[in-house]
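Here is a brisk tour for a reader new to this structure. Look at the chains first, then at the places where they meet.

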Amino acid sequence: MKSKLSGFAIAATVLIGTAAAHAQDIKLGVIAGMSGPGTSYGIGIRQGAEMAVKEINAGGGVKGRKIALVVVDDASNPAQSVTAMQRLVSEKVDLIVGGWGSSQVLANMEVAERAGIPYVVVGATNPKITTDKNKWTFRVIPADSDQAEQIAEAAVKRLGMKRIAVVHDVNDYGVGNRDVFLASLKKLGLEPVTVVSYQSNDKDFTAQLSRVGSSNADGLAIFGTIPAAPAMMNQARDLGIKARFIGTGGLANENLMTLAPKASEGTVLTTLFHEDVDADAKAWSQRFVKEFSGAAQPARPILAAYEYRAIKTIAAPCLASAGTDRDKLRQCIGSFKGRMFGIPGEVSFSKTGQLQQQSVFVEVGNGAFQAFKGK
Amino acid sequence: MFSQIVIGGFATGCIYAVVGLGFTLVYRTLRMVNFAQGQVFMAGAFLGLTIAQKLPMPTPLLLATVGASAFVLGLALERLIFRRLYHNHEVFIVGSIGLGIILTNSIRIMFPEPVPFPKVFGSEVIQIGSARIPETSVWIVICTVLLVVLLHALFTYTRTGRALRAVAADAETAGAVGVNVSRAIGLTFGLSCAVAAIAGVLIGPLYFVSFDMGDMVGLKAFAAAVFGGINSIPGTILGGVVIGVLENIAGGYISSAYKDLVAFVILLVTLVWRPSGLLGRETPVKV
């Protein structure tokens with residue numbers, strides 16, 4: 001009872017306007033968990049938005065109109081996420097770029113859909129977000145269905161794993177990943193040696209890991225996020241589990257190495273962004289790290305890259321051509337087709353609003369994400 | 001696998017037990033439940049973290065420093081807040097919940113993200129049979145035993161301890177025979193904060209520390225105290241260990257989705273079947 005009480009009592013939203021909004025300013029809403037378990041992701045999203053908007057405004061804005069950011073913190077909590085989104089609606093933002101956590105986005109996208117505001121999701125991967133039901137919601141990061149399928153294939157074909165155990169969060173992200181991963185393994189002719197679950201706020205994983213240990217797994221797929229995933233990695237190594245870790249975008253966070261410096265070594269995962277993919281990505285990363293080094297929060301480039309590109313490459317050109325008429329804006333975003341730095345080839349949205357693209361594989365080595373070159 | 005699960009649960013159970021002791025101490029004296037206990041545990045972990053980072057010191061000294069600081073904090077909280085609340089149980093419960101929320105959010109402002117805790121107990125792993133136990137878990141158990149022995153010695157052999165017991169048994173009579181009742185109540189809060197904060201430092205190195213770490217531990221420690229008998233120190237220790245072990249067994253063999261359920265099913269069954277708990281007494285009247 002009490003945790004619920006404290007949950008509601010925590011101020012649901014934090015409002016940060018980067019500049020005093022003028023009547024003609026375009027209002028860009030940013031929603032994400034900037035406290036709670038999603039903090040490190042949410043901060044990245046905010047940083048990406050700040051950088052993109054700063055650059056656009058420094059270049060004269062969009063057709064002379066400045067962009068004003070309206071940032072709300074949903075405390076990484078689905079219930080508060082709805083309140084935070086309602087806040088954006090009542091602030092009359094023209095569009096929203098952000099969202100972290102599948103459970104939060106599944107809850108708050110309903111609010112945006114009902115209000116009829118274009119919502120570009122950058123930080124949630126559950127397949128259920130982009131279906132034939134969403135009209136106003138788009139997503140620029142790959143869905144679990146793509147990532148989990150690709151990591152299953154890499155585990156079997158490139159890493160040669162034969163006994164794969166699965167540990168997943170019971171939230172929408174974890175279960176979504178598990179389902180696709182297991183289906184993909186089956187197609188590859190493999191059954192998992194064990195499948196166990198945990199809750200996002202769990203701290204002690206000995207019970208789950210004991211099952212993994214006794215299953216004698218050579219690979220452990222972790223479908224979860226920070227801080228549970230690195231905690232589990234530390235405890236797994238303490239328990240003598242030698243299985244190599246694999247995972248998807250939930251692990252793609254620099255905090256993985258901060259919290260599990262030794263245990264995370266060798267982890268192979270699909271990520272959302274890596275600076276070594278192309279020269280533009282490299283140049284952007286350097287600019288980004290420079291911009292936020294020395295800030296109160298360390299630079300968190302991965303989701304920032306999506307936020308930045310969604311604003312600069314998709315939102316800003318559409319705001320220029322379609323203006324702030326919401327329906328025209330929605331149509332313009334949906335018909336986007338073109339290049340985005342850090343992603344090989346051209347990308348475009350599917351009918352369900354999912355931006356289609358190739359995943360990037362990385363491996364943790366020397367405390368950093370390295371492009372995965374293993375066979 | 002079984003021994004691993006039991007040992008892991010035993011260490012966690014010790015933490016529930018120590019945090020639960022805080023509930024017990026206050027309850028014995030005031031017949032009231034301080035729901036900020038879990039948040040004091042969390043704040044203790046962050047206090048330990050800050051001290052360990054800024055001023056590295058031997059671990060026993062760190063535990064003593066955190067315990068002493070929390071003791072003083074408890075005295076201060078009693079003097080400034082609790083003293084004005086414990087005239088009425090409802091007011092006290094709501095007030096302590098509010099205090100817990102304030103503590104959580106104050107820490108959240110400073111530490112929005114989970115932080116790794118220095119390995120103040122070493123990072124060896126001890127192999128016993130097929131089970132592998134982090135050194136920290138062993139120290140958790142040792143420190144729990146030490147704490148209980150110390151508390152027992154305090155209550156049995158010191159004048160202050162006897163005064164506390166007298167107040168717990170009957171505050172009015174104790175006051176009439178010259179025991180300083182408000183001082184005794186202050187000391188009780190000091191002690192309850194001290195044990196919770198020490199528990200925070202004990203568990204820190206095993207996991208990360210985060211502002212919300214006290215919510216669930218506080219509730220489970222409360223369940224442990226009620227299960228064992230909220231007016232009984234041995235009962236609370238027993239309750240904590242039993243809940244820790246049982247929830248880990250449930251997590252390992254049934255499904256970890258039901259792990260948290262165990263503590264609360266136990267709590268509910270206890271409340272219905274034996275409201276005074278395993279070792280608690282119905283009417284704790286002592287002379």
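Helices here are DSSP runs of H or I with at least four residues, and strands are runs of E with at least two, numbered from the N terminus. Counted this way, chain B has eleven helices and four strands. The radius of gyration of chain B is 18 Å, and the globule rule gives 19 Å for 287 residues, so chain B is as compact as a globular protein of that length. The model is predicted. It scores ipTM 0.71 and pTM 0.74.

## The two chains

Chain A has twelve helices and 16 strands. Its radius of gyration is 20 Å, which agrees with the value near 21 Å for a compact globule of 375 residues. The table sets out some values for each chain.

| Chain | Box of C-alpha atoms along the principal axes | Residues that count as buried |
|---|---|---|
| Chain A | roughly 65 × 50 × 45 Å | 59% of 375 residues |
| Chain B | roughly 60 × 45 × 35 Å | 54% of 287 residues |

Contacts in sequence terms come next. In chain A, take the contacts with a separation of 6 or more: 69% of them are between residues 24 or more positions apart. In chain B, 77% of the contacts between residues at least 6 apart join residues at least 24 apart.

How confident is the predictor in chain B? The mean pLDDT of chain B is 89, and 98% of its residues reach 70 or more. Within chain B, confidence is highest in helix α2 (residues 37-54), at a mean of 94. Strand β2 (residues 125-128) of chain B is where confidence is lowest, at a mean of 81.

## Where the chains meet

Chain A gives 28 residues to the contact, and chain B gives 34. On the side of chain A, five elements supply two or more residues: α1 (2-9), α2 (39-58), β8 (194-198), α7 (206-214) and α8 (228-238). Which of them has the largest share? The largest share comes from α7(A), with six residues. By type, the side of chain A that touches chain B holds eleven nonpolar, twelve polar and five charged residues.

## Domains of chain A

Chain A is divided into two parts. Domain 1 covers 2-142 + 279-357, and domain 2 covers 145-271. Their C-alpha centres lie 28 Å apart. The contact takes 13 residues from domain 1 of chain A and 17 residues from domain 2 of chain A. On the domain 1 side, α2 and α4 (102-115) of chain A each supply at least two residues. The most comes from α4(A), with three residues. The residues on this side of domain 1 of chain A divide into seven nonpolar, five polar and one charged.

## Helix α2 of chain A

Now a closer look at one helix. α2(A) has 20 residues and reaches 28 Å from its first C-alpha to its last, close to the 28 Å expected at 1.5 Å a residue. It is mostly covered, with 16 of its 20 residues buried. α2(A) also gives two or more residues to the side of chain A that touches chain B, and at least two to the side of domain 1 of chain A that touches domain 2 of chain A.

Gly44(A) lies in this helix. Is Gly44(A) buried or exposed? There are 32 other C-beta atoms within 10 Å, so Gly44(A) is buried; the cut-off is 20 or more. Beyond its neighbours within four places in sequence, Gly44(A) is in contact with Arg300(A), Pro301(A), Ile302(A), Leu303(A) and Ala304(A). Gln80(A) is 36 residues from Gly44(A) in sequence, and their C-alpha atoms are 20 Å apart. After α2(A) comes Gly60(A), with a positive phi near 100°.

## Backbone details in the loops

Most residues other than glycine have a negative phi, and most peptide bonds are trans. Some places in chain A depart from this.

The peptide bond from Ile226(A) to Pro227(A) is cis, with omega near 5°. Pro227(A) sits in the loop between β9 (219-223) and α8 of chain A.

Asn216(A) is not a glycine, yet its phi is positive, about 60°. It belongs to the loop between α7 and β9 of chain A. With 13 other C-beta atoms within 10 Å, Asn216(A) is partly exposed.

Asn366(A) also has a positive phi, near 50°. Its loop runs between β15 (360-365) and β16 (368-371) of chain A. Asn366(A) has 7 other C-beta atoms within 10 Å, so it is exposed.

Methods:
Residues are numbered from 1 along each chain as its sequence is written. Chains are lettered from A and ligands numbered from 1 in the order in which they are written. This is a predicted model: local features need pLDDT of at least 70, side-chain atom pairs count only at pLDDT 80 or more; totals for chains, interfaces and linings use all residues. Two residues are in contact if their C-beta atoms, placed from the backbone, lie within 7 Å. Ala, Val, Leu, Ile, Met, Phe, Trp, Tyr, Cys and Pro count as nonpolar, Asp, Glu, Lys and Arg as charged, and the others, Gly among them, as polar. The radius of gyration is taken over C-alpha atoms; the globule rule is 2.2 Å times the number of residues to the power 0.38. A residue is buried if 20 or more other C-beta atoms lie within 10 Å of its own, exposed if 12 or fewer, and partly exposed in between; C-beta atoms are placed from the backbone. The expected span of a helix is 1.5 Å times one less than its number of residues. pLDDT is the predictor's confidence in each residue, from 0 to 100. Domain bounds come from an automatic or database domain assignment.
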